[in-house]
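Hello,

Here is the structure for you to look through. Please open it first, then read my notes below.

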Amino acid sequence: MELIYILTYNCNFRCKYCDVYKHNNSISEDIIKQSLIFLEKNNFEINKVKFFGWEPLLKKDFIKDIIKDFPSKYNPNFFVTTNSTLIDQNFINFSKKKNINLTFSIDWDVEANIENRILETWDNLSKNIIRNTQKYADFIRVNQVITSKNSKDFFKNFKFIYDLWVRNFNFLPAYYVNWTKTWLKDLKKWFDEILNFYKSWNDFELVNLDNYSEISFFNLGIIIDTDWSIYWTNLILSWNFEKYKKELVLWTIFDEIFIDISNKIFIENYINKISKILEKEYSSEVLISVKYVDLILNNFCNEYKTYRNKYMKSM
Ligand code: SF4
């Protein structure tokens, strides 16, 4: 089961494609302390702890505090996803020491970062992203964001990141738009090209294999919000879902929990509730096209896995 801490709703970027509701709410020391008590009191099967922000490194010290004081009865892997501009050697050293899976979410080259990411000092920050990616390439993973607009350059962008010596990729197609047939064809064509590239070089890892979610659009888990509420979906981070928070909230970190959240019926009911909200918020075209995106991504993952297993056996 995943546990997600939402550390802040703020971000130092305003990317054009970003669906996240941004404001100044951030988690506090008191909420962190109480959340750790809550986790100590309960027995969840937590194997992953993810730090979301919008830019989680705006709250670097809180990440360190949570990891340091995380109840010892759990033994999770920790994950931080960042736009990389606030990274420093100190945090890299901490991540290495604590075995944190650190992911940089990047678009591709400097020009494209400038185009998509609305920055105060764009050019410098964009160069910073590329520089940091290259500097820490042997340690980090990269989320390659694929929007419908950039799907035509998907392979070129992958190659750009690969040439920075990144070897751990998570491909992240945008889920909140209507993918036209042309965009879907591009997506499929370039996934095939990436697979062929892998077959020639065998030297990058596909992080998607660890992140698989059965449901398009959202992940399920324990989501601790900045105001001590607990949800079961990270969709509450989106603009479209802010208004459903009251409907989706499960508990607070002060509550005693009397239901088994790994129970199938509980999960099915919650998924049904979310699915109904998705149907209200998105057109059927968007929801259907997202299924195709998922199908293309899943086929790619399966083919990668099959080829990789064969290759490993032959060694
Ligand atoms: S860096 Fe991430 S969270 Fe921040 S605006 Fe861009 S996509 Fe959104």
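Ser 84 counts as buried, because 24 C-beta neighbours lie inside 10 Å and the cut-off for buried is 20 or more. Keep in mind that this is a predicted model. Where does Ser 84 sit? It is found in the loop between strand 3 and helix 3 (89-97). Its phi is near 80°, a positive value in a residue other than glycine. Most residues other than glycine have a negative phi.

Now go to Asn 99. Its phi is positive too, at about 60°, although Asn 99 is not a glycine. Asn 99 lies in the loop between helix 3 and strand 4 (101-106). Is Asn 99 buried or exposed? It counts as exposed, because it has 9 C-beta neighbours inside 10 Å and the cut-off for exposed is 12 or fewer.

Next, the sheet. It is open and has ten strands. Read across, the order is 7-6-5-4-3-2-1-8-9-10. The pairing is mixed. Which strands stand at the edges? They are strand 7 (205-206) and strand 10 (251-252). Each has a single partner strand, so one side of each is left without a neighbour in the sheet.

Look at strand 1 (residues 2-6) and strand 2 (residues 48-52). They run parallel, and five bridges join them. The chain gets from strand 1 to strand 2 through helix 1 (residues 29-41), and this β-α-β crossover is right-handed. You can check two of the partners yourself. Leu 3 has Val 49 as its bridge partner in strand 2. For Ile 4, the bridge partner in strand 2 is Lys 50. In a regular strand the side chains alternate between the two faces of the sheet.

Strand 2 also pairs with strand 3 (residues 77-82). This pairing is parallel, over four bridges. Here Phe 51 has Val 80 as its bridge partner in strand 3. Helix 2 (residues 60-69) joins in: strand 2, helix 2 and strand 3 make a right-handed β-α-β unit.

Last, the ligand. Which residues are around it? Here is the list:

- Cys 11, Phe 13, Arg 14, Cys 15 and Cys 18 are among them.
- Val 20, Trp 54, Glu 55, Asn 83 and Ser 105 are also included.

How does this shell divide by class? It has six nonpolar, two polar and two charged residues.

Best wishes

Note on methods
Residues numbered from 1 in each chain as written. Predicted model: local features only at pLDDT ≥ 70, side-chain atom pairs only at ≥ 80, totals over all residues. Near = placed C-beta within 6 Å. Nonpolar A, V, L, I, M, F, W, Y, C, P; charged D, E, K, R; others polar. Pairing = 2+ DSSP bridges. Helix = DSSP H or I, 4+ residues; strand = E, 2+ residues; numbered from the N terminus. Right-handed = clockwise from strand over helix to strand, strands pointing away.
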